[in-house]
There are 2 protein chains.
Amino acid sequence: MNMITKEGLIGQLREKGLKLTPQRLAIVDALVENRHLHPGARLIYAEAAKRTKTVSLSTVYATLGEFAQQGLIKFLEFDRMDNRYEGNLEEHINLVCRRCGKIIDYHIPTSIEPKDIARELGFVVTDARMEYYGYCRDCLAQPKEVMAGEQTRDQDG
Amino acid sequence: MNMITKEGLIGQLREKGLKLTPQRLAIVDALVENRHLHPGARLIYAEAAKRTKTVSLSTVYATLGEFAQQGLIKFLEFDRMDNRYEGNLEEHINLVCRRCGKIIDYHIPTSIEPKDIARELGFVVTDARMEYYGYCRDCLAQPKEVMAGEQTRDQDG
DNA sequence: TCCTAATCTGGAATGATTCCGAAATGAATA
DNA sequence: TATTCATTTCGGAATCATTCCAGATTAGGA
């Protein structure tokens with residue numbers, strides 16, 4: 001496992017010489033406590049706001065960007081207008097439910113070898129990202145009527 | 001292979017009862033002729049505009065959305081503010097170069113079995129998407145100085 | 001306690017995408 | 001060929017996540 005923890009993140013901030021501001025600590029908390037949700041900036045903002053007197057959305061964006069850049073968390077470009085961040089740095093597939101939006105991590109048993117790609121195409125892989133879209137167990141358990149007539153997204157049926 | 005072709009797309013439009021307007025034909029051409037580029041809406045708009053008297057960006061968006069919804073092309077949610085569409089419907093990995101932005105298709109030799117996921121998690125996969133980020137051969141061939149100091153993106157290092 | 005680079009902030013700006021009502025037009029039909 | 005109308009197109013406004021900015025604040029070393 002390679003999940004973010006409060007201590008781990010704070011330790012890394014110290015190592016990298018980044019200041020420990022109340023805003024950052026609040027964001028760290030929000031991040032860790034919601035790590036399984038693949039939270040977006042808005043959620044982190046809302047959660048962080050509960051934990052400190054002042055935080056602005058600008059700060060949340062800047063901080064998450066900084067964290068991602070430093071490799072503390074992973075940035076997911078997603079969902080058109082709602083990016084997400086994740087604390088699971090392990091290689092895995094994100095299973096994205098088209099109905100409820102929930103994201104489930106699925107550990108990859110065998111992955112495509114970056115070495116093969118480098119050899120074949122000369123392309124050096126630095127980062128991967130995989131998503132399978134579909135319907136999660138909970139949503140499948142819903143009565144049919146509820147599922148029917150629901151467009152998954154505007155565009156990509 | 002399962003690449004889009006002009007005849008194929010037009011045939012499908014007919015089958016599905018969609019009208020063949022000059023705008024759509026121009027978009028079809030733009031799509032087919034740039035299929036290896038994973039073009040975004042702006043590019044298609046620019047290319048389509050060369051091929052017909054009138055096209056609006058709204059129309060391009062609507063049309064690409066319609067095509068994707070009908071399964072003629074695949075919609076890629078991407079790049080924060082610049083989505084892409086692709087004509088390669090085959091299962092593959094998109095190799096995204098962090099420097100020049102080029103996207104190379106890499107055919108998947110062995111993929112993760114949706115059946116396994118369904119059995120283990122009850123998650124039914126309807127659609128997949130995989131991206132490996134890194135540097136393409138051409139960019140790696142550049143002198144080091146050019147590569148140095150280049151941030152891949154704002155956020156996700 | 002001082003000092004300064006690092007941070008924070010609110011609001012304006014950005015830019016892709018969507019929405020909307022009205023005008024235009026394929027193409028089926030008479 | 002003319003008629004008809006559901007489909008498509010259009011442009012411009014609206015949306016909305018994210019970024020930018022310039023000034024105010026502050027963490028933390030000296």
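**Exercise 1. An exposed or buried helix**

Does helix α5 (residues 114–121) of chain A lie largely in the open, or is it buried, and why?

Solution. This is a predicted model.
- Step 1. Take the 8 residues of α5(A) and count the buried ones: the number is 0.
- Step 2. Draw the conclusion: helix α5 of chain A therefore lies largely in the open.
- Step 3. Look at what comes after the helix. A:G122 follows α5(A), and its phi is positive, near 75°.
- Step 4. Cross to the other chain. B:R137 is in contact with A:L121, A:G122 and A:F123, leaving aside its neighbours within four places in sequence.

**Exercise 2. The residue across from A:G122**

Work out where B:R137 sits and how exposed it is.

Solution.
- Step 1. Find the element. B:R137 belongs to helix α6 of chain B, which spans residues 137–140.
- Step 2. Count neighbours. B:R137 has 14 C-beta neighbours inside 10 Å.
- Step 3. Apply the cut-offs: buried takes 20 or more, exposed takes 12 or fewer. B:R137 therefore counts as partly exposed.

**Exercise 3. Chain A as a whole**

Describe the layout of chain A, then say where the confidence drops.

Solution.
- Step 1. Count elements. Chain A has 7 helices and 5 strands.
- Step 2. Put them in order. Along the sequence the pattern reads α-α-α-α-β-β-β-β-α-β-α-α.
- Step 3. Check burial. Chain A has 157 residues, and 31% of them count as buried.
- Step 4. Check the range of the contacts. Among contacts with a separation of 6 or more, 49% join residues 24 or more positions apart.
- Step 5. Read the confidence. The mean pLDDT of chain A is 75, and 66% of its residues score at least 70. Over residues 78–83 of chain A the pLDDT is below 50, yet the model gives this stretch 13 contacts beyond near neighbours in sequence. Residues 145–157 of chain A also stay under 50, with 13 contacts beyond four places in sequence.
- Step 6. Turn to the complex. The predictor gives an ipTM of 0.63 and a pTM of 0.65.

**Exercise 4. Two helix contacts that share α3(B)**

Which residues of chain B join α2(B) to α3(B), and which join α3(B) to α4(B)?

Solution.
- Step 1. Start with helix α2 (residues 22–33) of chain B. Its axis comes within 8 Å of the axis of α3(B), and the two cross at roughly 125°. That angle makes α2(B) oblique to α3(B). The crossing is right-handed.
- Step 2. Name the residues. α2(B) supplies B:A26, B:I27, B:D29, B:A30 and B:L31, while α3(B) supplies B:I44, B:E47, B:A48 and B:R51.
- Step 3. Sort that contact by class. The tally is 6 nonpolar, no polar and 3 charged residues.
- Step 4. Move to α3 (residues 41–51) and α4 (residues 57–70) of chain B. Their axes come within 9 Å and cross at roughly 115°. Here, too, α3(B) passes α4(B) in a right-handed crossing.
- Step 5. Name the residues again. B:A41, B:I44, B:Y45 and B:A48 of α3(B) meet B:L57, B:V60, B:Y61 and B:L64 of α4(B).
- Step 6. Sort by class. This contact has 8 nonpolar residues, with no polar and no charged ones.

**Exercise 5. The α1–α2 pair of chain A**

How do α1(A) and α2(A) pack, and what classes of residue make the contact?

Solution.
- Step 1. Set the geometry. Helix α1 (residues 6–15) and helix α2 (residues 22–33) of chain A pack at about 145°, with axes 9 Å apart.
- Step 2. Give the handedness. α1(A) passes α2(A) in a right-handed crossing.
- Step 3. List the partners. A:K6, A:L9, A:I10 and A:L13 face A:R24, A:V28, A:D29 and A:V32.
- Step 4. Divide them by class: 5 are nonpolar, none polar and 3 charged.

**Exercise 6. Two residues to place**

Locate A:A46 and B:Y106, and say how exposed each is.

Solution.
- Step 1. A:A46 is in helix α3 (residues 41–51) of chain A. It has 15 other C-beta atoms within 10 Å, so A:A46 is partly exposed.
- Step 2. A:I27 is 19 residues from A:A46 in sequence; their C-alpha atoms are 9.7 Å apart.
- Step 3. B:Y106 is in strand β4 (residues 103–107) of chain B. It has 19 C-beta neighbours inside 10 Å, so B:Y106 counts as partly exposed.
- Step 4. B:M130 is 24 residues from B:Y106 along the chain, with 10.0 Å between their C-alpha atoms.

Key. Residues are numbered from 1 along each chain as its sequence is written. Chains are lettered from A and ligands numbered from 1 in the order in which they are written. This is a predicted model: local features need pLDDT of at least 70, side-chain atom pairs count only at pLDDT 80 or more; totals for chains, interfaces and linings use all residues. Helices (H or I, at least four residues) and strands (E, at least two) are DSSP runs, numbered from the N terminus. Two residues are in contact if their C-beta atoms, placed from the backbone, lie within 7 Å. pLDDT is the predictor's confidence in each residue, from 0 to 100. Axes are lines fitted to C-alpha atoms, for helices over the stretch in contact, and angles run from 0 to 180 degrees between N-to-C directions. A crossing is left-handed if the near helix is turned anticlockwise from the far one by less than a right angle, and right-handed if clockwise. Ala, Val, Leu, Ile, Met, Phe, Trp, Tyr, Cys and Pro count as nonpolar, Asp, Glu, Lys and Arg as charged, and the others, Gly among them, as polar. Angles under 35 degrees count as roughly parallel, over 145 as roughly antiparallel, 65 to 115 as roughly perpendicular and the rest as oblique.
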